[in-house]
Amino acid sequence: IKWDQRFNPVKTVKISGGIGIPTRRLELTSEIRLINDYIYWDEEALPTQSGDYIKLIEVKLFKHFKLGNFHSQNTFIYQVSSNQDVLPLPDYSVYSSNYYQNTLFKVLFFQLGFDTRYTSAWYTPAYMPATGQFHLQKIRKIGDYPYVDVFLNMQLKRARIFIKMDHVNQGMLNN
């Protein structure tokens with residue numbers, strides 16, 4: 001793989017803000033990015049530069065629910081890319097961490113729970129081993145499927161033990 005190109009510097013303007021209510025364990029943030037001369041790896045896995053402005057908009061909502069020793073930390077993200085052909089993004093993604101937290105014998109802190117991740121279907125980048133880069137692809141959409149992980153987190157004085165089983169729901173819904 002060989003190329004000889006000169007690229008203009010990438011210019012980015014980022015505007016972000018948000019509101020947080022600590023007593024309600026709630027955060028709402030938003031971000032707008034304007035990117036000019038974006039450099040990316042095209043479908044042939046070669047570096048390319050986009051000549052137009054790309055606008056990215058992201059709105060993120062975080063809420064932590066607590067009922068006794070049960071916790072549920074949830075994040076919902078909605079995002080839009082003005083040019084999905086150059087900078088593809090899933091329309092939305094959800095992350096939820098749900099666990100029971102307690103202390104046994106006044107010394108063993110533990111959390112037992114599960115994490116769930118979900119994104120809408122989108123053309124995620126493919127990997128090119130020769131360059132070690134991710135590049136655009138329009139063959140297969142990824143997403144529209146939940147990933148569930150189960151975990152146990154323990155701490156005894158200075159020792160921390162973490163056990164996790166990834167993607168326990170593999171093959172349950174669809175392949």
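**Rings, exposure and strands in a predicted model**

Me: How many aromatic pairs are counted in this structure?
Reply: The count comes to 10 aromatic pairs, where rings of Phe, Tyr and Trp (its six-membered ring) pair if their centres lie within 6.5 Å. The model is predicted, so that local features need pLDDT of at least 70 and side-chain atom pairs count only at pLDDT 80 or more, while totals for chains, interfaces and linings use all residues. Residues are numbered from 1 along each chain as its sequence is written, and side-chain values use heavy atoms, with hydrogens and water left out.

Me: Why is the pair of Trp-3 and Trp-41 called edge-to-face?
Reply: Planes under 30 degrees apart count as stacked, over 60 as edge-to-face and the rest as tilted. The planes of Trp-3 and Trp-41 stand at 85°, with the ring centres 5.5 Å apart, and the pair is therefore edge-to-face. Trp-3 lies in the segment before strand 1 and Trp-41 in strand 3 (residues 39-41), 38 residues apart, so the pair links distant parts of the chain.

Me: What makes the pair of Tyr-38 and Tyr-40 stacked?
Reply: The planes of Tyr-38 and Tyr-40 are at 10° and the centres 6.1 Å apart, so this pair is stacked.

Me: Why is Tyr-40 called buried?
Reply: Buried means under 20% relative accessible area, exposed over 50%, and partly exposed in between (1.4 Å probe, protein chains only). Tyr-40 has 14% relative accessibility and therefore counts as buried. Trp-3, at 39%, is partly exposed.

Me: What makes Lys-63 a charge over the ring of Phe-65?
Reply: The rule asks that NZ of Lys or CZ of Arg be within 6 Å of the ring centre and within 35 degrees of the ring normal. Lys-63 lies over the face of Phe-65, at 5.2 Å from the ring centre.

Me: What is notable about the phi of Asp-144?
Reply: Most residues other than glycine have a negative phi. Asp-144 is not a glycine, yet its phi is positive, about 60°. Asp-144 is placed in the loop between strand 10 (133-135) and strand 11 (147-156), and its relative accessible area of 48% makes it partly exposed.

Me: How do you know that strand 7 and strand 8 pair?
Reply: Strands (DSSP runs of E, at least two residues, numbered from the N terminus) pair if DSSP finds at least two bridges between them. Strand 7 (residues 92-104) and strand 8 (residues 108-119) are joined by 12 bridges and run antiparallel. Tyr-100 stands opposite Leu-112 in strand 8, and Tyr-100 also forms one aromatic cluster with Phe-70 and Phe-110.

Terms used: Helix = DSSP H or I, 4+ residues; strand = E, 2+ residues; numbered from the N terminus.
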